[in-house]
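Please look at the structure below and work through the questions that follow. Each answer sets a value beside the rule that gives it its name.

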Amino acid sequence: MYEEYIMDQVFDFFQYPESYDRAMINASLQKISCNGGFITYNNKSLETGLKCSRENALGFFLANLPALIVKEANFTGILPPKLEKLRKDTLELIALGRFNELATLDLYLLLEMAMRCAYSKWLGSRIVISRYGGEDIVLENYDYRRLKLYIRLNGLGRNDIFVNGEPFLGSENSLLRWATKFLARPEGLMFRLSLNIRNLLAHGENEWDLYPVAESVRVAAASAGKLLSEIHAGKMPVNTLKQYRTHNSGQRKYPLYRNGQKPR
């Protein structure tokens, strides 16, 4: 195979590497081989019609991080609707065989959305935003996307607040670091590298001929479900010595209550 070439290309754009990544990627590459129009990986042979070249080997590797790095992920539960739709859409794109770039983008969007869903699950239905020297703010029925928008529109400063007692995960990198704490090393590598590839594809920065396979979708979906199964809703008591505001995403007006008690 073309291990050295692939390794050089990966670490030329990899934004979130860890010290052990090279060894793990190299171990994955040792299990890939090419013969004619067939690629063999994980003791499975797949007819791709691709010529044996370092560029095609790189494209196959980058589009199939779940199958090549993680290989298996045990999860038999039900994914949230957003993730289930992405899973089905990605499989349909792969079956068409003509939109490999979009299929790879959807595949890795599934993993990114899993992290967002995991944080939304951790937030729970009642979110407490704390600031030094300021009022506590309570939000009800907000997910991660709505929370980020609320913080930005109200000028709270994502680096100066705590959400349910923890620093707010306002950046892509901070969300990634948080999510990978719940994952084994191979899955952590898959999430970190796939997010980098997703960002490049989303901005039109694709220099590869990608070839995703259905097995990668299955493993990615199982890893997403496994991550979600590790998360429990965060609980944080409100500081009742202060006033705080209760904001409900379904309301236009945001009343101010003292000690969480609505005036009668």
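Q: Why is glutamate 215 called buried in this model?
A: In this predicted model, glutamate 215 has a relative accessibility of 12%, and because buried means under 20% relative accessible area, glutamate 215 counts as buried.

Q: What makes the contact of glutamate 215 with lysine 44 a salt bridge?
A: The closest N and O atoms of glutamate 215 and lysine 44 are 2.9 Å apart, and since a salt bridge asks for a side-chain nitrogen of Lys or Arg within 4 Å of a carboxyl oxygen of Asp or Glu, the pair of glutamate 215 and lysine 44 forms one. Glutamate 215 belongs to helix H10 (residues 214–229) and lysine 44 to strand E3, so this pair ties together parts that are 171 residues apart in sequence.

Q: Why is lysine 44 called partly exposed?
A: Lysine 44 has a relative accessible area of 36%, and because partly exposed is the class between under 20% and over 50%, lysine 44 is partly exposed.

Q: What makes the contact of aspartate 21 with arginine 192 a salt bridge?
A: Here the closest N and O atoms are 2.7 Å apart, and because the limit is within 4 Å, aspartate 21 and arginine 192 form a salt bridge. The pair links distant parts of the chain, with aspartate 21 in helix H2 (residues 21–29), arginine 192 in helix H9 (residues 185–202), and the two positions 171 residues apart. Both aspartate 21 and arginine 192 are buried.

Q: How do you know that glutamate 112 and arginine 116 form a salt bridge, and how are they placed in helix H6?
A: Their closest N and O atoms are 3.8 Å apart, and because that is within 4 Å, glutamate 112 and arginine 116 form a salt bridge. Glutamate 112 and arginine 116 are four residues apart in helix H6, so about one helical turn separates them. In general, an α-helix has 3.6 residues a turn, so residues three or four places apart point the same way.

Q: Are glutamate 112 and arginine 116 buried or partly exposed?
A: With a relative accessible area of 10%, glutamate 112 is buried, because buried means under 20%, whereas arginine 116, at 26% relative accessibility, counts as partly exposed. Salt bridges that share partners also join Lys44, Glu215 and Arg218 into one network, and the structure holds 11 salt bridges.

Q: What makes strands E1 and E3 the edges of their sheet?
A: The open sheet has three strands in the order E1-E2-E3, with antiparallel pairing. Strand E1 (32–35) and strand E3 (44–47) each have a single partner strand, so one side of each is left without a neighbour in the sheet. Neighbouring strands of this sheet are turned by 20° against each other on average, direction ignored.

Q: How do you know that strands E2 and E3 pair?
A: Four bridges join strand E2 (residues 38–41) to E3, and because two strands pair if there are at least two bridges between them, E2 and E3 count as paired, running antiparallel. Phenylalanine 38 stands opposite glutamate 47 in E3, and the bridge partner of threonine 40 in E3 is serine 45.

Q: Why are the buried residues of helix H7 said to lie on the same side?
A: The buried residues of helix H7 (residues 144–153) are Tyr144, Leu147, Tyr150 and Ile151. They cover an arc of only 125° around the axis, which puts them on the same side of H7. The face of H7 turned away from its buried side carries the exposed residues Arg152 and Leu153.

Q: What makes the phi of asparagine 141 stand out, and why is asparagine 141 called partly exposed?
A: In general, most residues other than glycine have a negative phi. Asparagine 141, however, has a positive phi near 60°, and its place is the loop between strand E5 (136–140) and H7. Its relative accessible area is 46%, and because this class runs from 20% to 50%, asparagine 141 is partly exposed.

Q: Why is asparagine 164 called buried?
A: Asparagine 164 has a relative accessible area of 5%, and because buried means under 20%, asparagine 164 is buried. Asparagine 164 also has a positive phi of about 50° although it is not a glycine, and it is found in the loop between strand E6 (161–163) and strand E7 (166–167).

Terms used
Residues numbered from 1 in each chain as written. Predicted model: local features only at pLDDT ≥ 70, side-chain atom pairs only at ≥ 80, totals over all residues. Heavy atoms only, no water. Axes fitted to C-alpha atoms, helices over the stretch in contact; angles between N-to-C directions. Buried < 20%, exposed > 50% of the residue type's maximum accessible area, 1.4 Å probe, protein only. Arc of directions from axis to C-beta.
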